[in-house]
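Okay, thanks for squeezing me in today. I'd like to walk you through the spaces in this protein and then a few of its aromatic rings, so let's get it up on the screen.

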Amino acid sequence: MDLTTERLVIREWSEDDAEAALAIYGTTDVTRWLTPAMDRVTDAAAMRSVLQAWQQAQPNLVPPRGRWAVQRKEDGAVVGGLGIHLLPPYEEDLEISWQLHPDAWGEGYASEAARALLDWAFTQDTDELFAVARPNNVRAIATAKRLGMVWVGETEKYYGLRLQVYRIRHTDVL
């Protein structure tokens, strides 16, 4: 699955993306907000292993689940990642997530990429998607709101963390 927007390409990760991915997932400014909590990836070899695991899992995931790279069209730079996966503990609810390199914050890339992914996900027999954010993650919360997601409450149900929960339904975007 490759999606394009005005400024971005959303595509599958490649091992060749290891350095760019490390610049995202190796940054404390990014990993401290991730849910579930993820340790900062410390080197390119470790990042390559993570990307390999994501690539191997992708064909076995039922759409719209997966992980994708967000690449800027103008220069081909990988500026972030997107994901859709099942939320624990009951693995019924689908979560959409986005992670961007701090240099790409404030450019509207998260909203643009996530909007394209949401639109695609709703063509895959998906009725609703959730986003979860740590209460102080004002950027993620603002992005969820820009996407038209509605706050449904705060919970410790997911990942053993106190999180804000946002939801968007297919009917919300029709």
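So, the largest pocket: 38 residues line it, and the ones nearest its centre are Trp 98, Gln 99, Leu 100, Asn 137 and Ala 140. Keep in mind that we're looking at a predicted model. The space in this largest pocket comes to about 700 Å³. Who builds the wall? You get at least two lining residues each from α2 (28-31), β5 (94-100), α4 (109-121), β6 (128-133) and α5 (138-146). Of those, α5 gives the largest share, eight residues. And what's the chemistry of that lining? By class, 22 nonpolar residues, 10 polar and six charged.

Okay, on to the second largest pocket, with about 190 Å³ of space. Its lining includes Trp 54, Gln 58, Arg 67 and His 85. Here α3 (44-57), β3 (66-72) and β4 (78-86) each bring at least two residues, and β4 gives the most, with four. The lining splits into five nonpolar, four polar and two charged residues.

Now for something closed off. How many cavities of 30 Å³ or more does a search of the whole structure find? Just one, and its volume is about 30 Å³. Around that cavity you'll find Glu 12, Trp 13, Trp 54, Gln 55, Gln 58 and Arg 67. That's two nonpolar, two polar and two charged. Trp 54, Gln 58 and Arg 67 you've just met, in the lining of the second largest pocket.

Trp 13 brings me to the aromatics. Searching the whole structure gives four aromatic pairs. One of them is Trp 13 with Tyr 25, edge-to-face, at 6.3 Å centre to centre and 65 degrees between the planes. This pair links distant parts of the chain: Trp 13 sits in the loop between β2 (8-12) and α1 (18-25), while Tyr 25 is in helix α1, 12 residues apart. Trp 13 has a relative accessible area of 5%, so it counts as buried. Tyr 25 is buried too, at 2% relative accessibility.

Another pair is Trp 68 with Trp 120, again edge-to-face, with 5.9 Å between centres and 75 degrees between planes. Trp 68 is in strand β3 and Trp 120 in helix α4, 52 residues apart. Both are buried: Trp 68 has a relative accessible area of 1%, and Trp 120 has 17%.

Last thing, back to Trp 13: together with Tyr 25 and Trp 54, Trp 13 forms one aromatic cluster. And of those three, Trp 13 and Trp 54 also line the cavity.

Notes: Residues numbered from 1 in each chain as written. Predicted model: local features only at pLDDT ≥ 70, side-chain atom pairs only at ≥ 80, totals over all residues. Heavy atoms only, no water. 1 Å grid on protein atoms, 1.4 Å probe; cavity = no way out; pocket = protein on both sides within 12 Å on 5 of 7 lines; lining within 4 Å. Points joined across faces, edges and corners; volume = space filled by probe spheres on them. Nonpolar A, V, L, I, M, F, W, Y, C, P; charged D, E, K, R; others polar. Phe/Tyr/Trp six-rings, centres within 6.5 Å; stacked < 30°, edge-to-face > 60°. Buried < 20%, exposed > 50% of the residue type's maximum accessible area, 1.4 Å probe, protein only.
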